[in-house]
Each structure stands twice: as structure tokens, then as C-alpha cells.
Amino acid sequence: MKPRRMLPVFLAVLAALILAVAPPGWTEDDDDEIPFDEVHIFFELNDTDGDLGIHALIDGEPWKQLKIHDPHDDRMLGIWVNGNRLRQQGLTEIFFESAEPSFDELAPAAFFRRFPQG
């Protein structure tokens with residue numbers, strides 16, 4: 001499948017991942033959830049370099065844990081702030097970028113099997 005024909009798939013998977021971001025806990029018992037002020041999760045298809053990866057920027061009120069689940073509620077990412085000093089301070093923003101293997105190493109179709117629509 002050519003990368004340009006995959007744009008609807010990119011958009012569908014992007015929407016599913018954005019909706020699947022679980023808000024973090026902030027209270028002392030970490031049971032309460034606080035929504036993020038800003039969430040951007042997107043796929044970067046670099047046709048020139050022939051690679052594909054995931055980027056995310058998440059920002060909001062101070063948090064002690066962050067979880068991202070897929071549409072089937074399977075955890076894809078879990079981050080917990082450890083250590084008393086940083087845990088008391090809390091985190092407010094995080095940016096990450098996945099590895100971007102070349103299309104020879106991981107074809108776009110195989111990439112999207114890892115991140116199915118829905």
C-alpha cells in the first residue's frame with residue numbers, strides 16, 4: 001500500500017489513540033483522574049527517509065502517573081513518578097518520540113497492525 005493511500009488509516013488510528021489517553025492521578029492516593037489541558041499524539045510518516053513513528057506531547061496540571069491505553073483498554077504506556085522529592089513536586093508536561101525504523105525494517109502495513117484502527 002502506498003503511503004499516500006494510508007492517510008485515512010493514519011487519521012483513524014490517530015483519533016483512536018487520542019481518545020485512548022487515560023488522564024493521570026494527582027491526589028495523594030492517586031485514585032482521582034485529572035484531564036490534560038493539551039494532548040497531541042500523531043504519526044510521522046517521513047516519505048523522504050522512508051520511516052514512520054509516533055510522537056506525543058501531553059501537558060496539564062501536575063501528575064504523578066500517566067497511562068496510555070489502546071481502544072481495547074490494553075496499556076501501551078505507563079509512567080510513574082518515583083522518589084519522594086519529584087513525586088511531591090509532580091510533573092506537568094512530557095514529550096516522547098518512538099523509534100522510526102525504515103520501511104525496509106518495518107513496512108507501514110506491519111506498523112499499523114501494531115496500532116489497529118478503532
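Pro 71 is found in the loop between strand 4 and strand 5, and in this predicted model Pro 71 counts as partly exposed, with a relative accessible area of 37%. Although Pro 71 and Phe 115 are 44 residues apart along the chain, their C-alpha atoms are separated by 9.6 Å.

The loop that holds Pro 71 is also the place of Asp 73, which lies between strand 4 and strand 5, the latter made of residues 75–80. Asp 73 has a relative accessibility of 57%, and because exposed means over 50%, Asp 73 counts as exposed. The backbone of Asp 73 deserves a careful look, since its phi is near 70°, a positive value in a residue other than glycine. As background for that value, most residues other than glycine have a negative phi.

Turning from this loop to the chain as a whole, the secondary structure comes to 3 helices and 6 strands, and read along the sequence these elements follow the pattern α-β-β-β-β-β-α-β-α. The chain has 118 residues, of which 32% count as buried.

Which residues touch the most other members of the largest nonpolar core? This core has 16 residues, and the ones that touch the most other members are Phe 43, Ile 54, Leu 66 and Phe 111. Two or more residues come to this core from each of strand 2, strand 3 (51–63), strand 4 (65–69) and helix 3 (108–114), and strand 3 gives the most, with 5 residues. In soluble globular proteins, nonpolar side chains tend to be buried together.

Phe 43 has its place in strand 2, and because its relative accessibility is 12%, where buried means under 20%, Phe 43 counts as buried. Gly 60, found in strand 3, counts as buried as well, at 10% relative accessibility.

Like Pro 71, both of these residues can be paired with a partner further along or further back in the sequence, and the table sets out the pairs with their separation in sequence and their C-alpha to C-alpha distance in space.

| Pair | Apart in sequence | C-alpha to C-alpha |
|---|---|---|
| Gly 60 and Pro 35 | 25 residues | 7.5 Å |
| Phe 43 and Ala 56 | 13 residues | 8.8 Å |
| Pro 71 and Phe 115 | 44 residues | 9.6 Å |

Strand 2, where Phe 43 is placed, spans residues 38–46 and also contains Glu 38. Is Glu 38 buried, partly exposed or exposed? Glu 38 counts as partly exposed, because its relative accessibility is 32%, a value between the 20% under which a residue is buried and the 50% over which a residue is exposed. Glu 38 also belongs to a negative surface patch, which is formed by Asp 37, Glu 38, Glu 61 and Glu 93. Strand 2 therefore holds both a buried residue, Phe 43, and a partly exposed one, Glu 38.

Conventions
Residues are numbered from 1 along each chain as its sequence is written. This is a predicted model: local features need pLDDT of at least 70, side-chain atom pairs count only at pLDDT 80 or more; totals for chains, interfaces and linings use all residues. Side-chain values use heavy atoms; hydrogens and water are left out. Patches are made of residues with over 30% relative accessible area and no salt bridge: like charges are joined within 9 Å, nonpolar side chains (Val, Leu, Ile, Met, Phe, Trp, Tyr) within 5 Å. Accessible areas come from the Shrake-Rupley method with a 1.4 Å probe; for residues, only the protein chains shown count as cover. A salt bridge is a side-chain nitrogen of Lys or Arg within 4 Å of a carboxyl oxygen of Asp or Glu. Lys and Arg count as positive and Asp and Glu as negative; His and the chain ends are not counted. The place of a charge is taken as NZ of Lys, CZ of Arg, CG of Asp or CD of Glu. Helices (H or I, at least four residues) and strands (E, at least two) are DSSP runs, numbered from the N terminus. Buried means under 20% relative accessible area, exposed over 50%, partly exposed in between (1.4 Å probe, protein chains only). A nonpolar core is a set of buried Ala, Val, Leu, Ile, Met, Phe, Trp, Tyr and Cys residues joined through side-chain atoms within 4.5 Å.
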